[in-house]
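Here's a quick walk through one chain, starting from a single side chain and working outwards. Have the structure open and follow along.

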Amino acid sequence: MEIVKPVFQSKSKRYQFIRYCTVGTLAAGIHYGVYYLLQEYEMTNLNIAYTIGYVTSFICNFFLTSYFTFRSNPSLKRALGFGGSHLVNYLIHMGLFNLFLYLNVDQEIAPLCVLAVAVPTNFLMLRFVRRNRLLIKSQNRLSGYYFLPKSAGISPHTLVSHLRIRVV
């Protein structure tokens, strides 16, 4: 709940959240629309149709998110960050899409099933990453570890485990 609460604290944040949801819904509609047209007219195989739909919606999503949601100018750096964050999401989508097709879900319904599973999964993953990033930051302050050179030979997992034991 602590992640959602700051979104609704100010009027401008609420409107930004509404714009974010609007852009996400529009991007999902574009993705499904492109996929539907390609598979309906058998222009390509289903995985390629799904990927073309995903890429088309990704491009629209990036520009709409930049201009409309956050009212900022798109840049190469932002595009690369946006793309990197969507790479894992794309892999989840493709895995689920093929799983639903394997389970004999109708090819017109399968993308909707993917969205029903992938959207909450992506939200939970982002929430997990954000919470752990905040946990690591707070533990670093409490334990006195501010910087740890790579030459120290300690993996991030070991460091987090060590800090948790030490703080708790």
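Once residues up to four places away in sequence are set aside, Q39 touches L46, A49, Q107 and E108. Keep in mind that this is a predicted model. Q39 lies in helix α1, and its side chain makes a polar contact with the side chain of Q107 at 2.6 Å.

Is Q39 buried or exposed? With 4% relative accessibility, Q39 falls under the 20% cut-off, so it counts as buried.

Now look at the other side of one of those contacts. Leaving out neighbours within four places in sequence, A49 is in contact with Y35, L38, Q39 and T44. A49 is also one of the buried residues of α2, a list that runs A49, Y50, G53, Y54, S57, N61, F62, T65, S66 and T69.

What happens around the ends of α2? At the N-terminal end, N45 acts as the cap, with a side-chain oxygen 2.9 Å from the backbone nitrogen of N47. Just after α2, R71 takes a positive phi of about 50°.

Here are the two short polar distances side by side:

| Pair | Atoms or groups | Distance |
|---|---|---|
| Q39 and Q107 | side chain to side chain | 2.6 Å |
| N45 and N47 | side-chain oxygen to backbone nitrogen | 2.9 Å |

A49 also leads into the largest nonpolar core. In soluble globular proteins, nonpolar side chains tend to be buried together. The core here has 11 residues in all: Y35, L38, A49, Y50, M94, L96, F97, F100, A110, V114 and A118. Which elements give two or more residues to this core? They are α1 (11-40), α2 (46-69), α3 (76-102) and α4 (110-143). The largest share, four residues, comes from α3. Two of the core members, Y35 and L38, are among the contacts of A49.

Zooming out, the chain has five helices and zero strands, so if you like your topology strings simple, read along the sequence it's just α-α-α-α-α. Of its 168 residues, 23% count as buried. Among contacts between residues at least 6 apart in sequence, 53% join residues at least 24 apart. As for the surface, the chain exposes about 11,600 Å², and carbon and sulfur atoms supply 67% of that.

Conventions. Residues numbered from 1 in each chain as written. Predicted model: local features only at pLDDT ≥ 70, side-chain atom pairs only at ≥ 80, totals over all residues. Heavy atoms only, no water. Core = buried A, V, L, I, M, F, W, Y, C linked by side-chain atoms within 4.5 Å. Buried < 20%, exposed > 50% of the residue type's maximum accessible area, 1.4 Å probe, protein only. Contact = heavy atoms within 4.5 Å. Polar contact = N/O pair within 3.5 Å; in protein donor to acceptor, adjacent residues only side chain to side chain. Areas by Shrake-Rupley, 256 points an atom, 1.4 Å probe, with all protein chains shown as cover.
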